[in-house]
Amino acid sequence: MLEARALSCVREDRLLFKDLSFSVDEGQILQIEGPNGVGKTSLFRLLAGLQPAYAGDVFWHDHAIASIREQFYQQLLFLGHYTGVKPELTAFENLRFFQKMHNPTQQQDLWAVLAQVGLAGYEDLLSSQLSAGQQRRVALARLWLSDANIWLLDEPFTAIDKKGVKVLEQLFLKHAARGGRVILTTHQDLQLDNQMFSTLSLRKPAPEQQYV
């Protein structure tokens with residue numbers, strides 16, 4: 001399982017959260033919720049191994065992720081606030097580059113994948129010519145090509161319409177049904193299978209605990 005054990009996070013001497021523990025089993029969709037500034041994005045960076053925790057650690061199959069970084073990253077797809085889309089490539093070329101890097105034997109129809117995220121007709125435009133929301137959609141299209149077990153998604157529904165949200169919800173359920181894990185933040189009210197879906201609420205520490 002993916003497990004956070006007694007995580008504490010400090011930013012600029014301010015305590016965001018303390019002694020946070022939870023696990024995500026296979027087939028589970030977990031929504032991290034809480035007000036702005038409570039540390040949701042910082043938590044995602046800890047879960048992705050992009051920054052060390054002030055205290056505690058993240059474990060993958062009972063191994064600290066720092067000790068098995070290569071194996072862990074093979075099982076992780078992380079979409080944060082930065083899309084990772086190459087501006088000098090078209091939407092189609094970006095997706096083809098991702099496929100060749102991560103799943104070269106997969107025979108997925110990339111044109112159909114881009115249509116799924118509402119980019120039909122934009123496939124041959126340079127990504128630098130796309131809006132921020134459209135670039136976000138290019139990044140989300142990677143989900144259809146990913147064999148990673150853990151999908152770590154920070155606000156994946158940004159700039160996505162209601163139809164697109166439904167499409168992504170069904171993709172999350174499909175991923176969970178085959179044993180995958182989805183961890184996400186969103187302000188949307190999700191319509192998901194309760195047996196697969198759960199929430200974790202982050203709360204600001206008491207005033208006397210906010211600084212270290």
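Let's start with a single residue: Ser 8 counts as buried, because its relative accessibility is 5% and the cut-off for buried is under 20%. Keep in mind as you look around that this is a predicted model. Ser 8 sits in strand S1. Setting aside neighbours within four places in sequence, Ser 8 is in contact with Phe 17, Lys 18 and Asp 19, and also with Ala 53, Tyr 54 and Ala 55.

From Ser 8 we can step out to the sheet around S1. This is an open sheet of 4 strands, ordered S2-S1-S4-S5, and its pairing is antiparallel. At the edges you'll find strand S2 (14-24) and strand S5 (63-64), each pairing on one side only. S5 is joined to strand S4 (residues 55-60) by 2 bridges in the antiparallel sense. If you want a spot to zoom in on, take Phe 59, whose bridge partner in S5 is Ala 64. Helix H1 (residues 40-47) packs on this sheet, where it touches strand S1 (2-11), S2 and S4. The direction of H1 makes about 55° with that of S2.

H1 itself is mostly covered, with 6 of its 8 residues buried. Those buried residues are Lys 40, Ser 42, Leu 43, Phe 44, Leu 46 and Leu 47. Just past the helix, have a look at Gly 49: it follows H1 and has a positive phi, near 75°.

Now for the other sheet. Strands of a sheet pair through backbone hydrogen bonds, either parallel or antiparallel. Here the pairing is parallel, in an open sheet of 5 strands with the order S6-S7-S8-S3-S9. S6 and strand S9 (197-201) are the edge strands, so each pairs on one side only. On average, neighbouring strands of this sheet are turned by 15° against each other, direction ignored. At the S6 end, 4 bridges join S6 to the parallel S7, and Leu 76 has Ile 150 as its bridge partner in S7.

What about the interior? In soluble globular proteins, nonpolar side chains tend to be buried together. The largest nonpolar core in this model has 38 residues, and the ones with the most contacts inside it are Ile 29, Leu 143, Trp 151, Leu 153, Leu 168, Phe 172 and Leu 184. Several elements each supply at least two residues of this core: strands S6 (76-79), S7 (150-154) and S8 (181-185), along with helices H3 (91-102), H4 (110-116), H5 (132-140) and H6 (162-177). H6 gives the largest share, 6 residues.

Ile 29 is a good place to stand inside that core. Not counting residues up to four places away in sequence, Ile 29 touches Phe 172, Leu 173, Ala 176, Val 182, Leu 184, Leu 192, Met 196, Phe 197 and Ser 198. Apart from this core lies another, of 28 residues, including Ile 32, Leu 43, Phe 44 and Leu 200. Two of those names, Leu 43 and Phe 44, came up earlier among the buried residues of H1.

Last stop: the largest pocket, with a volume of about 520 Å³. Which residues are closest to its centre? Of the 22 that line it, they are Leu 76, Leu 77, Phe 98, His 102 and Arg 142. Helix H2 (69-74), S6 and H3 each supply at least two residues of the lining, and the largest share, 5 residues, comes from H3. Leu 76 is also the residue bridged to Ile 150 in S7.

Methods: Residues numbered from 1 in each chain as written. Predicted model: local features only at pLDDT ≥ 70, side-chain atom pairs only at ≥ 80, totals over all residues. Heavy atoms only, no water. Core = buried A, V, L, I, M, F, W, Y, C linked by side-chain atoms within 4.5 Å. Buried < 20%, exposed > 50% of the residue type's maximum accessible area, 1.4 Å probe, protein only. Contact = heavy atoms within 4.5 Å. Axes fitted to C-alpha atoms, helices over the stretch in contact; angles between N-to-C directions. 1 Å grid on protein atoms, 1.4 Å probe; cavity = no way out; pocket = protein on both sides within 12 Å on 5 of 7 lines; lining within 4 Å. Points joined across faces, edges and corners; volume = space filled by probe spheres on them.
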